[in-house]
Amino acid sequence: EYRRLTEEWRVGFGEFCCEIERAGETEFFFPHAFTDAELDRRVRYAGLDLYYIAVEGPKVLGYGLLRGWDEGYAVPSLGIAIHPAARSCGLGSSLMHFLHTAASRRDAEKVRLRVNRTNITAIDLYNRFGYEFEPAEGSYYVGFKQLRRR
């Protein structure tokens with residue numbers, strides 16, 4: 001199930017972030033520092049941006065976010081990560097659908113994301129969702145997905 005990231009999930013969220021670091025994937029997913037202080041800040045967050053986790057029992061299997069609203073952007077930036085042991089079962093696609101719906105419910109016309117040019121698995125996922133990519137910013141592509149008709 002999907003849950004808003006809150007203090008009750010601090011331990012599971014910390015374990016999830018440690019797994020992302022252990023797998024060497026912070027090159028692909030690093031929306032914020034994974035320090036204890038920053039993780040504490042995330043679970044206590046109260047603002048316009050959205051931070052969600054995908055959970056199974058007490059275990060955090062995925063993390064998704066839509067941010068930028070706090071800074072006044074109309075187009076939120078989307079980010080997701082799936083626990084290495086929970087991949088290849090459709091959870092990434094499901095989390096993307098969930099985040100797109102959440103953005104639409106907030107009246108976002110589109111969402112954006114950045115993806116490392118070497119992260120072929122993520123690029124394939126985003127292509128399946130209809131993201132259109134602009135030329136690379138260094139080692140990253142920037143993609144946009146239209147959520148509503150103009």
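**Notes on the cores and the β6–β7 hairpin**

1. Start with the largest nonpolar core of this predicted model. Among its 26 residues, the ones touching the most other members are Leu66, Leu78, Ile80, Met96, Tyr126 and Tyr131. Strands β2 (50-56), β3 (59-67), β4 (77-82) and β5 (110-116) each give two or more residues to this core, as do helices α3 (91-105) and α4 (120-128). The largest share, six residues, is from α3.

2. Tyr126 is a good place to look around. Leaving out residues up to four places away in sequence, Tyr126 touches Ile80, Met96, Leu113, Val115, Tyr131 and Phe133.

3. Don't miss the other core. A second one, separate from the first, has 17 residues, including Phe16, Ile53, Leu65 and Ala81. As a general point, nonpolar side chains in soluble globular proteins tend to be buried together.

4. Now for the hairpin. Strands β6 (residues 132-137) and β7 (residues 140-146) pair antiparallel, with four bridges. Two residues lie between the strands, and Gly138 has a positive phi near 65°. Across the pair, Glu134 sits opposite Val142 of β7.

5. Is Val142 buried or exposed? Its relative accessible area is 2%, under the 20% cut-off, so Val142 counts as buried. Not counting residues up to four places away in sequence, Val142 touches Glu132, Phe133, Glu134 and Glu137, plus Arg112, Leu113 and Arg114.

6. One last distance to check: Val142 and Tyr131 are 11 residues apart along the chain, and their C-alpha atoms are 9.3 Å apart.

Technical notes:
Residues numbered from 1 in each chain as written. Predicted model: local features only at pLDDT ≥ 70, side-chain atom pairs only at ≥ 80, totals over all residues. Heavy atoms only, no water. Pairing = 2+ DSSP bridges. Core = buried A, V, L, I, M, F, W, Y, C linked by side-chain atoms within 4.5 Å. Buried < 20%, exposed > 50% of the residue type's maximum accessible area, 1.4 Å probe, protein only. Contact = heavy atoms within 4.5 Å.
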